[in-house]
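User: I've got a model open and a pile of labels to go with it. Can you walk me through what earns each label?

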Amino acid sequence: MKKLLSALFLGLILVLSACGGGGDEGATDDSANDETTEEQTGEDSGEGTDEGTSDSGDGETVDTAAAEKVYQNNCASCHGGELGGGMGPALTEVGSKYSAEDIVGVIKNGKGGMPAQDQVSDEDAQLVASWLATMK
């Protein structure tokens, strides 16, 4: 009985440690993320886009604020609050390797160690993928 409880307790610790660990990072990352977003928006404003949007490169405008919210809610726990990586790879230059369509495929079907993200709607996956495709 002791072995069973010990194994159950150890398994619970492993599961909880894999799912958590982002709470204290968010407080410092949010202020740094705001500065980064403003800098990125300033760079994109040369393209004639509105603040809070960016051009995905194929003439499509992306709502960066909405995309970042979806990213923070679904992706940041593995890929980092500022796309820098963590359990998953960094996404800071993912747009130089994959198109928005490719990124949607990875989100919906998974790839390598990343499982399919079934909780992400098709619309949200397309929104985040279009945004990530601008990261070059």
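Analyst: Sure, starting with helices: helices (H or I, at least four residues) and strands (E, at least two) are DSSP runs, numbered from the N terminus. Right after helix 5 comes Gly110, whose phi is positive, near 80 degrees. This is a predicted model, where local features need pLDDT of at least 70, side-chain atom pairs count only at pLDDT 80 or more, and totals for chains, interfaces and linings use all residues. Residues are numbered from 1 along each chain as its sequence is written, and side-chain values use heavy atoms, with hydrogens and water left out.

User: Why is Cys75 called buried?

Analyst: Buried means under 20% relative accessible area, exposed over 50%, partly exposed in between (1.4 Å probe, protein chains only). Cys75 has 17% relative accessibility, so it counts as buried.

User: And what makes Met114 partly exposed?

Analyst: Met114 has a relative accessible area of 24%, so it falls in the in-between class. Met114 sits in the loop between helix 5 (100-109) and helix 6 (122-132). Contact means heavy atoms within 4.5 Å, and beyond its neighbours within four places in sequence, Met114 is in contact with His79, Val106 and Ile107.

User: How do you know that the residues UniProt lists for "binding site" gather at one spot?

Analyst: The UniProt record, an unreviewed entry, lists Cys75, Cys78, His79 and Met114. They span 40 residues in sequence, yet no two of their C-alpha atoms are more than 10.6 Å apart, so they do gather at one spot. Cys75, Cys78, His79 and Met114 also belong to the lining of the largest pocket. One caution: UniProt positions are in the numbering used here, feature names are shortened, and annotations may be inferred rather than shown by experiment.

User: What makes something a pocket, and which residues of the largest pocket are closest to its centre?

Analyst: On a 1 Å grid over the protein atoms alone, a pocket is an open set of points with protein on both sides within 12 Å along at least five of seven lines, whereas a cavity is a set where a 1.4 Å probe fits but cannot get out; lining residues have an atom within 4 Å of a point. Of the 27 residues lining the largest pocket, the closest to its centre are His79, Pro89, Leu91, Val106 and Met114. Helix 4, helix 5 and helix 6 are the elements that give two or more residues to the lining.

User: What puts the buried residues of helix 5 on the same side?

Analyst: The buried ones are Ala100, Ile103, Val104 and Ile107. They cover an arc of only 105 degrees around the axis (taken from the directions from the helix axis to the C-beta atoms), which puts them on the same side of helix 5. These buried residues pack against helix 6, while Glu101 and Asn109 are exposed on the other side.
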